[in-house]
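Me: I have a two-chain model open and would like a close look at one loop residue with an unusual backbone angle. Could you start there, and then work outwards to the rest of the structure?

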Amino acid sequence: MSKCGDDPVRDACGHALAWLAVANGVGLWLALMLWFPALNHSEWTYGRWVPVHLNLQLYGWTSLPLIAWLFRLYKADAESIRPWASAALWAWSAALVVGAASWLSGMTSGKIFLDWTGGALASFLIAQVILWVVLVAAWKRNQSTWDGKWRIGLLVALMSLGMVPVSLWFASSPAVYPPVDRSTGGPTGASLLGSSLIVVGLMLAMPRVARLAGHGIKGSWLWIYFGISWLAFFIFEHIGGTHRDVCQLISMAMLLPWVWIIPRDWSGYDWPASSKSWRHAMIAWWGLLVLSGWLMYQPGVLDRVKFTQALVGHSHLAMAGFTSSFCMLLMGLLTGSCVGSKWSVLLWNMAVLGMVIALKISGWIEGGGWSWMLETPLWREIGWGIRAGCGLAMWLISVKWWLG
Amino acid sequence: MTMLSMRAVLLIVGVYGYFLIFAQFAFVELMRSAGVSGTKEKVTLGIMALSGIAAGFLAAKRGPSVRSLRIALIAAAMVAASSPFARSVPEIFWIPALVTGGALGMITVNLAAMLRRWCGLMSVGLGVGLGYAICNLPPVFMSSAVHQSFFAAGFAMIACLAVPRDGESAADEWSVPSHGTLPLIAALLGLTALVWLDSAAFFIIQHTHDLKESTWGEAMLWRNAAVHLGGGLLAGWWMKKTSGRGLMLGAWALLALAAFLVNSPDGRSAAGWLYPFGVSLYSTMLVAVPGWFSGVKDARAAAWRAAWIFSVAGWFGSANGIAMAGELQRVPFMFIVIAGICVWLATGFYKVLRWRNCFMVALVVLPALIAGRAKTAAPITPTTIERGRAVYVAEGCIHCHSQYVRPIALDEATWGSAGKLQQVLAGKPVLIGNRRQGPDLQHVGLRRSEAWLKIHFIEPRTLVPASVMPSYAHLFNDQRGDDLVTYLKSLGAERAFEIIGEREKWQPAPSAKKADAKHLFANHCAVCHGCDARGGGKLASRLIRPPTNLADGPYLWTAGEGKDAWQRVARTIKFGLPGTDMPGHEVFDDAMIRALTDELMSWREK
């Protein structure tokens, strides 16, 4: 998988796994710094490493499989485009290296997941433009090989992708901030619905765009509900409010049916046998993510867990559990082979689960009062130990996947 | 494991044992005890290296043979056994150096070239691990140079006896495929970087007393022996299962992390585990590369590879590593990075060095470099508070601290009442944060003095023993620390009257929970007020206003008696005293405040 060859789809998967290993290594380092604060060294303290971990996971590990998907869709692996597509990946990875150097040197916009600023922002925007140009060239070269609808669809998608650098530039500005739930200081239920619906869209698209045999849920009610969900997002986002307001609670509740709809939809397709383990893992994580997310948004519960490790645990559930399984599944579909052996897949998911449970329990206890900030209670030590242990296992597995 | 592979393991153990205990240690000690030092020492060691390189290439030219290997081992044993007696004639110390180097060059090249005939990669790992482990056993490691020389002679003789007979071979050894090949240039690049890094780190460890005690002291030797053995076995297994490239990278990561951790006293314990592990990984690879990962088809070709690798990586790499460490007395961070890049390149990265890839990377990196230069040239005119806020953003304080009091009871009782959301959202960037590893800072300026904040930034655990906050002492090497303190002091200032007014209404709720007041005082108060509460804590001299004598008074801020005084003391503990260095202890729960207040009031009554 990680061998550098002449297949940009495989190359993108290789870059993704490399960044997973690096970002997990940084994550482990963060866990150790929390446990042993003396490990913080000179200027490179915990606060500077956090954006490195977060952004490499997002823009390295989880974005590159989507880029591999784009390469396959636009046939960027065709003869004349191929070397440029592979080169675009190096531009992307180079931008991530520049970003990491920038955050470690204290250059950040101060916005979580949008820390790009100054030269690093310029680098990343250029990398995105390079990738976009490669996709445009691929579309131009291959357009005659697609039927009309597909060709237009890809063109529309291409034009939308052209807006991504502009959106990133806009969103990473310190002057811009999304709507806030004033009772928590965090996102509104509608914001969470909107971001989740993007993921739902990707999950609905995966078997269809991959042109797997079979079919998803018949009838139009699936798409009607998808449309209603988006409509609810726009309306409730405009209205705003807190997690005690009905409209925001409805926003979160609208995600619940998707726990059932997605597996039901996917069950109609003829998935490759090699996708089984990651597909099942992804569906399990998806269910857990939505159900626990809904539960944690409830009044009383969110009041207790906000600002605690419980929400860090939820982020790990989302990224290391659900999103990682999604990426693995996607890479498996694109390359025709499962990433990792059965045991490594099992071990990864067990390690993620262990970490999530430890973080959520620690967070729940933290939320009961703040006196733990002055002492080092045993439960915190145990929590950090479990977190670091699971982090070590995840790092070793990711290194094995990358090198394997 | 066959008898042949067991003999091969014994041979590797003997050669490694000889090399580590004699060539690296005992010989140097004997030479120094003979009065050979300074330039003479360098010249003698130079002779050893040159002779080793020459003998290695000679062995490759003649072709590997069992006979050469045996003769070289006998020569090595003789020189080790006779070196203690050569101390009386320092003028001719170059002769044992010449023979030791020559014998080692001959032995290592012959061994690496022929090993594949005799054993598999697991045996190589076992041999290297055992060799290191035995040398680390206290009876061997801690013995005198003379005894070590005799041990080394024994190692060489055992190895000589273990050398398989001529023509003895496990199977059609070259027909068994290995998992990949490492081009010569890549092997030279990666292994040289690792040997260089290891030699420098080992030199620093051995020449820094504290460091040596905490990583290679007598108590650590058994552990190091076990770690070396484990590392060797893992390396053998790893190479058997996959190509050796990941191993090289893993070895670098361990050595780099160890070199990084060793700078901090708390990290030395972890470094003591990582360093021997990394050394065993790459040392096993050093032995295996010529035979298994060179892509060569016979032992003669493998011997040429071995000669190049041991000359450049072994002799040149170790000499430069020691010279660098001797000159700088540290392993520079930049060198660790450069070594990492070399290893990275060696592991196959060089394949991507196509012009398109380089062009694209340049296209992305150059603007960042230009922007970086442009930024440093720009004039800076913000206020102190704005600069402090920028430091807060740059250091990623938002990842551990919120600046948002939620309109819920627990938050408002702890940090003060919630403010207006619009005011929070007016900040660019907004600094609400999403995690509290430490306190909310929205009104921190009303709870902490400049002096307290500065001490806390420099030594967080002096003031808060369980704090996970890193030390930010480096910020006070320039203006950033003071700017940050000024910024934090400004937080909450606009609501000062309102919040201080709210505090006057606060009183701790009744609680069935019992808190240990003496423990709380010792952990959180004694550092300023002193263990006897008379105001003479170890930080007292660093505060603007001396801490109150809590035993005898005067009680300027909490004067009076009875219930009112008790309430004032409770509020002072909880929220601190604005305008003084007395901080708030807002995260104490009500039971803690009650217990501590009762304790302080009981002292007054006495």
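Reply: Ala533(B) sits in the loop between helix H24 (526–529) and helix H25 (562–575) of chain B. Keep in mind that this is a predicted model. The phi of Ala533(B) is positive, about 65 degrees, although the residue is not a glycine. Most residues other than glycine have a negative phi, and most peptide bonds are trans. Is Ala533(B) buried or exposed? With 20 other C-beta atoms within 10 Å, Ala533(B) is buried, because 20 or more is what the term requires.

Now for its wider setting. The domain assignment splits chain B into domain 1 (3–167 + 177–347), domain 2 (384–503) and domain 3 (517–605). Between domain 1 of chain B and domain 3 of chain B, the C-alpha centres are 61 Å apart.

A useful companion to Ala533(B) is Lys75(A), where phi is near 55 degrees, again a positive value in a residue other than glycine. Lys75(A) is placed in the loop between H2 and H3 of chain A. Its surroundings hold 18 other C-beta atoms within 10 Å, so Lys75(A) is partly exposed.

Another backbone feature to look at is in chain B, where the peptide bond from Lys428(B) to Pro429(B) is cis, with omega near 0 degrees. Pro429(B) belongs to the loop between helix H18 (421–425) and helix H19 (450–458) of chain B.

Further along chain B you will find Met469(B), in the loop between helix H20 (460–463) and helix H21 (480–490). Met469(B) counts as buried, with 23 C-beta neighbours inside 10 Å. Setting aside neighbours within four places in sequence, Met469(B) is in contact with Gly438(B) and Pro460(B), and also with Pro37(A). His456(B) is 13 residues away from Met469(B) in sequence, and their C-alpha atoms are 9.0 Å apart in space.

That contact with Pro37(A) leads to the interface between the chains. In total, 61 residues of chain A are in contact with 59 residues of chain B. On the side of chain A that touches chain B, the elements giving two or more residues are helix H2 (46–73), helix H3 (82–104), helix H4 (118–142) and helix H13 (309–335) of chain A. H3(A) gives the most to this side, with ten residues. By residue type, the side of chain A that touches chain B divides into 35 nonpolar, 19 polar and seven charged.

Back in chain B, there is a helix pair to examine. Helix H2 (residues 38–62) and helix H13 (residues 299–328) of chain B have axes that come within 8 Å and cross at roughly 170 degrees. H2(B) and H13(B) are therefore roughly antiparallel to each other. Where they meet, H2(B) contributes residues including Gly52(B), Ile53(B), Gly56(B) and Phe57(B), while H13(B) contributes residues including Trp304(B), Phe310(B) and Trp315(B). The contact of H2(B) with H13(B) divides into eleven nonpolar, three polar and no charged residues.

Helix H5 (residues 121–136) of chain B is also worth a look: its 16 residues reach 23 Å from first C-alpha to last, close to the 22 Å expected at 1.5 Å a residue. Of the 16 residues of H5(B), 15 are buried, so the helix is largely enclosed by the rest of the structure.

Chain A has its own domain layout: domain 1 (1–177), domain 2 (183–270) and domain 3 (278–284 + 300–404). The C-alpha centres of domain 2 of chain A and domain 3 of chain A are 23 Å apart. Seven residues of domain 2 of chain A are in contact with five residues of domain 3 of chain A. On the domain 2 side, these residues divide into four nonpolar, three polar and no charged.

To finish, here are two individual residues of chain A. Thr188(A) is in the loop between helix H6 (164–171) and helix H7 (189–209) of chain A, and counts as buried, with 27 C-beta neighbours inside 10 Å. Apart from neighbours within four places in sequence, Thr188(A) is in contact with Pro179(A), Asp181(A), Glu237(A), Gly240(A), Gly241(A) and Gln248(A). Thr242(A) is 54 residues away from Thr188(A) along the chain, with 6.6 Å between their C-alpha atoms. Gly153(A), by contrast, is found in helix H5 (residues 148–162) of chain A, and counts as partly exposed, with 14 C-beta neighbours inside 10 Å.

Methods: Residues are numbered from 1 along each chain as its sequence is written. Chains are lettered from A and ligands numbered from 1 in the order in which they are written. This is a predicted model: local features need pLDDT of at least 70, side-chain atom pairs count only at pLDDT 80 or more; totals for chains, interfaces and linings use all residues. Two residues are in contact if their C-beta atoms, placed from the backbone, lie within 7 Å. Helices (H or I, at least four residues) and strands (E, at least two) are DSSP runs, numbered from the N terminus. Ala, Val, Leu, Ile, Met, Phe, Trp, Tyr, Cys and Pro count as nonpolar, Asp, Glu, Lys and Arg as charged, and the others, Gly among them, as polar. Axes are lines fitted to C-alpha atoms, for helices over the stretch in contact, and angles run from 0 to 180 degrees between N-to-C directions. Angles under 35 degrees count as roughly parallel, over 145 as roughly antiparallel, 65 to 115 as roughly perpendicular and the rest as oblique. Domain bounds come from an automatic or database domain assignment. A residue is buried if 20 or more other C-beta atoms lie within 10 Å of its own, exposed if 12 or fewer, and partly exposed in between; C-beta atoms are placed from the backbone. The expected span of a helix is 1.5 Å times one less than its number of residues.
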